[in-house]
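Q: I am new to this structure and would like a close look at a single part of it, together with the parts around it. Could you take me through it slowly, in one connected account?

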Amino acid sequence: MNNRFTKIVVTLATVTGISFSAGQVSADSINAAPQANGQAQGEAKVEKRLDKVEKKTDAIQSELEAIEGSIEGPPITVDEVQLYKEYLDKLESLLNRLNAADNHLDAVTKKMENQDASIEETEAEINDIRTSILEVKETIQSIFAEQMSSTGVVPDGLEEAEDPTYEVGSQAIIKADHMPGMYGAEATIAGAFDTVAYSVTYYPTTGGDPVENHKWVIHEELEGPGEAPLEPGTEVTLDADHMKGMDGATAVIESAEDTTVYMLDFTTTTGEKVENHKWVTESELSPVE
């Protein structure tokens, strides 16, 4: 190898980073640059996917805050009962979306060689949101349970049943769904009374649309009702506070049922305790098997 050729090779080696060892040319430094570039591109893709996860969790958090901010404690109106039932469905949907975001995050994490702080922060945020969703669900279910409970005081003139099908202290299964969490719950009979139970349409004192076919208002919960039973179409004034906007409201009798009504203690199907719930008719109970 002449001196001129040697100088050219040495110069090229200096420029390109090629090294010579025992007569062999090593290209490690040539491959290093593309590898570094590929790693940077991979990290950028991971960051982009992580950003998508964060946007999903932010949207869920925003919807959750909107629900939480609109909830009021008992007493609640019939319209609010319906709204809160819709909220429970919405919260279940938010949980499903959050689980999907969590799965997405797991997939992103597997593509990263080292888990950085941003991953841990997103995981913590998802767990916090999940806890908040469950707390809001519990709050709504507690509101329903409190709404269904009463002091146990009964109207003047209401007579205890002499021979009820379900005796005080016995158990029965609720077959009514007046409120969420009732149907299928096992109840203890807290009181049994012979009366006329009415289905009524009433006009809430809080305003809004009339509440149709509300069950049940008993004869003794009407202002100056006269002799029972009242005929369908009779206009009455309610003296009952089962729901917000009910006490003092004008109502129309839809149907009348001469029956035994029961006051119940029970735990809802979602685990909330209810005491002295008014009223369930005999046909809305079944024996415990």
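A: Helices and strands are taken here as DSSP runs, with at least four residues for a helix and at least two for a strand, and they are numbered from the N terminus. In these terms, M182 lies in the loop between strand 4 (171-174) and strand 5, and this residue is the part to look at, with the caution that the model is a predicted one.

M182 has a relative accessible area of 0%, and it is therefore counted as buried, since that word applies under 20%. If neighbours within four places in sequence are left aside, M182 is in contact with M148, I174, A176, F266, H277 and V280. The C-alpha atoms of M182 and T268 are 5.7 Å apart in space, although 86 residues separate the two in sequence. For the protein as a whole, 65% of the contacts between residues at least 6 apart in sequence join residues that are at least 24 apart, and 37% of its 289 residues count as buried.

Some of the residues that touch M182 lead on to the strands. F266, which is one of the contacts of M182, stands opposite V274 in strand 9. Strand 8 and strand 9 are paired in the antiparallel sense over five bridges, and the two form a hairpin with five residues between them, where G271 in the turn has a positive phi of about 95 degrees. Strand 8 (residues 250-267) also pairs with strand 5 (residues 186-203), again in the antiparallel sense, over 16 bridges; within this pairing, D258 in strand 8 is the bridge partner of V196. Strand 7 (residues 235-237) is joined to strand 8 as well, by three bridges and in an antiparallel run, with T250 in strand 8 as the bridge partner of T237.

Another contact of M182, H277, leads on to the largest pocket, which holds about 900 Å³ of space. Of the 38 residues that line this pocket, H214, H242, M243, H277 and K278 are the closest to its centre. Helix 3 (78-110), helix 4 (117-148), strand 6 (211-218) and strand 9 (273-281) each supply at least two residues of the lining, and strand 6 gives the most, with six residues. Sorted by class, the lining has 16 nonpolar, 11 polar and 11 charged residues.

Two of the strands that supply the lining, strand 6 and strand 9, also hold residues with a backbone angle worth a look. N213, whose place is in strand 6, has a positive phi of about 55 degrees although it is not a glycine, and at 45% relative accessibility N213 counts as partly exposed. N276, found in strand 9, likewise has a positive phi, near 55 degrees, in a residue other than glycine, but N276 counts as buried at 17% relative accessibility.

To place all this in the whole chain, the secondary structure comes to four helices and 10 strands, which follow one another along the sequence in the pattern α-β-β-α-α-α-β-β-β-β-β-β-β-β. Elsewhere in the loops, the peptide bond from P74 to P75 is cis, with omega near 5 degrees, and P75 lies between helix 2 (28-69) and helix 3. The bond from A228 to P229 is cis too, with omega near 0 degrees, and P229 belongs to the loop between strand 6 and strand 7.

Terms used:
Residues are numbered from 1 along each chain as its sequence is written. This is a predicted model: local features need pLDDT of at least 70, side-chain atom pairs count only at pLDDT 80 or more; totals for chains, interfaces and linings use all residues. Side-chain values use heavy atoms; hydrogens and water are left out. On a 1 Å grid over the protein atoms alone, a cavity is a set of points where a 1.4 Å probe fits but cannot get out, and a pocket is an open set with protein on both sides within 12 Å along at least five of seven lines; lining residues have an atom within 4 Å of a point. Grid points are joined across faces, edges and corners, and a volume is the space filled by probe spheres set on the points. Ala, Val, Leu, Ile, Met, Phe, Trp, Tyr, Cys and Pro count as nonpolar, Asp, Glu, Lys and Arg as charged, and the others, Gly among them, as polar. Two strands pair if DSSP finds at least two bridges between them. Buried means under 20% relative accessible area, exposed over 50%, partly exposed in between (1.4 Å probe, protein chains only). Contact means heavy atoms within 4.5 Å.
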